[in-house]
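Please open the model in a viewer and keep the sequence at hand. The tour proceeds by selection, one stop after another.

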Amino acid sequence: MLVGPKRLPSRPKTLSSPFVRHFPFRARGSFASVNPIHSPRLRLWDDTSMAASMISRHVAVIGAGAAGLVAARELHREGHRVVVFERESRVGGTWVYTPGTEADPLGTDPGRAVVHSSLYKSLRTNLPREVMGFGDYPFLARADGSGDPRRYPGHEEVLAYLEDFAREFGLEEMVRFEKETVGVGMVEEGGKWKVKWRMRNGGGGGGGGGGGNGRREEDVFDAVVVCNGHYTEPRIAEIPGIDLWPGKQMHSHNYRTPEPFQDLVVVLIGSAASAVDISRDIAKVAKEVHVASRSYEDKTLGIQPDYKNLWLHPMIEKAHEDGKVTFLDGGSVGADIVLHCTGYKYHFPFLETNGIVSVDDNRVGPLYKHVFPPLLAPRLSFLGLPWKVVPFPQFEYQSKWIASALSGRIALPSEEEMMADVEDFYSELEAAGIPKRYTHNLANSQFEYNDWLAGQTGSRPSEEWRKKMYSDSSRKRRAGPETYRDEGEDETLVSQAHEDFAKHPSHR
Ligand SMILES: Cc1cc2nc3c(=O)[nH]c(=O)nc-3n(C[C@H](O)[C@H](O)[C@H](O)COP(=O)(O)OP(=O)(O)OC[C@H]3O[C@@H](n4cnc5c(N)ncnc54)[C@H](O)[C@@H]3O)c2cc1C
């Protein structure tokens with residue numbers, strides 16, 4: 001079905017934005033992020049003509065994980081007509097745990113049947129539930145006491161929350177389940193987008209319908225919002241000599257349980273949250289676990305407190321034909337398996353933009369504020385690219401911005417202004433020596449970024465309790481990776497959160 005804009009918006013007027021703010025540049029080691037909030041002058045629509053000129057668009061959302069769900073809600077609230085394409089048979093994305101893994105344990109074979117989720121069985125959230133939830137639909141423990149009431153619950157509880165969210169806002173009706181998007185490309189005229197999809201398995205469910213058997217179909221939309229997640233396509237560490245090393249390799253994407261590591265000597269690469277969790281999980285059964293990372297400080301290296309079989313090392317120097325793995329400090333171990341907990345690549349196999357958007361060393365660009373390609377804005381947008389952030393609330397801010405830009409409630413800067421902003425941002429990263437692959441790392445600026453987004457749409461900025469609870473939990477996680485989830489609560493912050501939640505009734 002082809003549906004065009006209902007009415008064209010009136011001419012924008014140029015205003016000096018109240019939201020233009022300049023934040024000091026902050027750099028902290030190689031993980032520093034340059035503050036992305038460096039905005040050109042914004043154009044806002046004339047208030048008097050705004051309501052009359054709101055446009056309802058036919059929008060395709062790719063993916064029904066947390067990002068796609070909140071995008072669907074915000075687009076719908078803004079008056080758009082939404083179709084969500086989801087290749088699986090239920091909502092939740094990453095949070096749908098499966099014991100199944102891919103045939104290629106490293107996950108590098110491009111022809112492999114993809115398993116979407118990277119969750120391991122023992123996974124509990126690494127953020128307290130109060131911080132994690134959407135702004136107006138708090139992630140509360142269930143009133144009837146069912147489920148997992150812990151502040152850092154197991155993954156099943158997050159999935160249940162997302163399912164409740166979808167149900168509460170009638171989102172499943174917008175989802176076409178078991179429909180995998182295989183092509184998203186521009187239509188020659190009118191700025192529209194053709195979306196092609198393939199039916200998987202039964203191909204029915206939700207608002208979709210139709211038979212399965214890999215049948216392909218297509219439709220034309222006014223706009224596309226890409227929400228396909230970025231924890232499925234593994235990044236692998238480059239290890240000199242690995243091709244001749246006789247052991248096995250795998251990526252954490254395919255890690256589920258520790259049992260297969262019984263009595264093995266494991267070298268695990270990485271230092272992020274899942275590397276910390278998985279190394280502890282495996283140490284319960286493995287003979288030895290040796291964790292190698294670029295980012296460990298000398299004082300933390302060696303055998304780990306409370307363990308007899310868990311060591312931290314500097315990065316791997318080389319893997320040898322006799323099965324040994326050597327580290328940069330000269331240490332070595334004879335290992336059975338190398339487990340890469342080395343993160344993921346952005347991957348959009350369905351997207352055809354004639355080179356306008358590309359992925360270069362894990363930089364998706366050019367994107368204005370990590371969301372809009374200047375040349376294709378607002379008809380194409382990317383949701384949820386930033387990392388080292390609290391994802392759900394940020395998805396919500398980005399979604400409101402996208403929905404408002406599509407309806408004409410707000411106007412984006414001109415293509416040239418957006419492009420200049422992106423180029424300034426890239427130059428700042430380069431000047432600070434920050435590699436391209438950290439472009440979307442917002443560790444040091446996520447809340448300023450969220451507040452900037454909130455300013456664009458007149459939404460409430462991030463709550464002070466959420467910022468403080470986030471920084472407290474990060475500090476506790478670094479200090480006690482085994483214990484932080486079950487440490488005592490900061491009662492004052494928790495009660496501030498709950499006072500705030502009381503203002504936003506949730507039916508959970
Ligand atoms: C191991 C691990 C632990 C994590 N822990 C936390 C945590 O504690 N707290 C937290 O807040 N976040 C955590 N995260 C981050 C998590 O990824 C986000 O919370 C969030 O779930 C991401 O949502 P998303 O919608 O962007 O992506 P996803 O959840 O990945 O959803 C993407 C959806 O798109 C669908 N899709 C993909 N390609 C296509 C296609 N071609 N056609 C149709 N559909 C498609 C997928 O099937 C999927 O349903 C963790 C992530 C991982 C991997």
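Two strands are said to pair if DSSP finds at least two bridges between them. That term is used at several stops below.

**Confidence.** The structure is a predicted model, so begin by colouring the chain by pLDDT, the predictor's confidence in each residue, from 0 to 100. The chain has a mean pLDDT of 88, and 87% of its residues reach 70 or more. Next, select residues 1–48, where pLDDT stays under 50; the model has 124 contacts beyond four places in sequence for this stretch. Residues 203–211 also stay under 50, with 30 such contacts. Where pLDDT is low, the predicted coordinates should not be read in detail.

**The sheet.** Display the strands β5, β4, β3, β9 and β24. In that order, these five strands form an open sheet with parallel pairing. At its edges are β5 (175–176) and β24 (380–382), each of which pairs on one side only.

**Strand β3.** Select residues 58–62, which make up β3. Is this strand enclosed or not? Five of its five residues are buried, so β3 is largely enclosed by the rest of the structure. H58, A60 and I62 lie on one side of the strand and V59 and V61 on the other, and both faces are covered.

**The neighbours of β3.** Add residues 81–85, strand β4, which pairs with β3 in the parallel sense over five bridges. Along this pairing, I62 stands opposite F85 of β4, while V59 has V82 as its bridge partner. Now add β9 (223–226). The pairing of β3 with β9 is parallel too and runs over four bridges. Here V59 stands opposite A223.

**Helix α2.** Select residues 66–77, helix α2. Together with β3 and β4, this helix makes a right-handed β-α-β unit. Place a distance between the end C-alpha atoms of α2: they are 17 Å apart, which agrees with the 16 Å that 12 residues should span at 1.5 Å a residue.

How many residues of α2 are buried? The helix is mostly covered, with 10 of its 12 residues buried. Among them are A66, G68, L69, V70, R73 and E74. To see what covers these buried residues, show β3, β4, β9, α4 (155–168) and α6 (391–407), which are included in the cover.

**Final stop.** Select G79, just after α2, which takes a positive phi of about 100 degrees.

Technical notes:
Residues are numbered from 1 along each chain as its sequence is written. This is a predicted model: local features need pLDDT of at least 70, side-chain atom pairs count only at pLDDT 80 or more; totals for chains, interfaces and linings use all residues. Side-chain values use heavy atoms; hydrogens and water are left out. Contact means heavy atoms within 4.5 Å. Helices (H or I, at least four residues) and strands (E, at least two) are DSSP runs, numbered from the N terminus. The expected span of a helix is 1.5 Å times one less than its number of residues. Buried means under 20% relative accessible area, exposed over 50%, partly exposed in between (1.4 Å probe, protein chains only). A crossover is right-handed if, with the strands pointing away from the viewer, the path from the first strand over the helix to the second runs clockwise.
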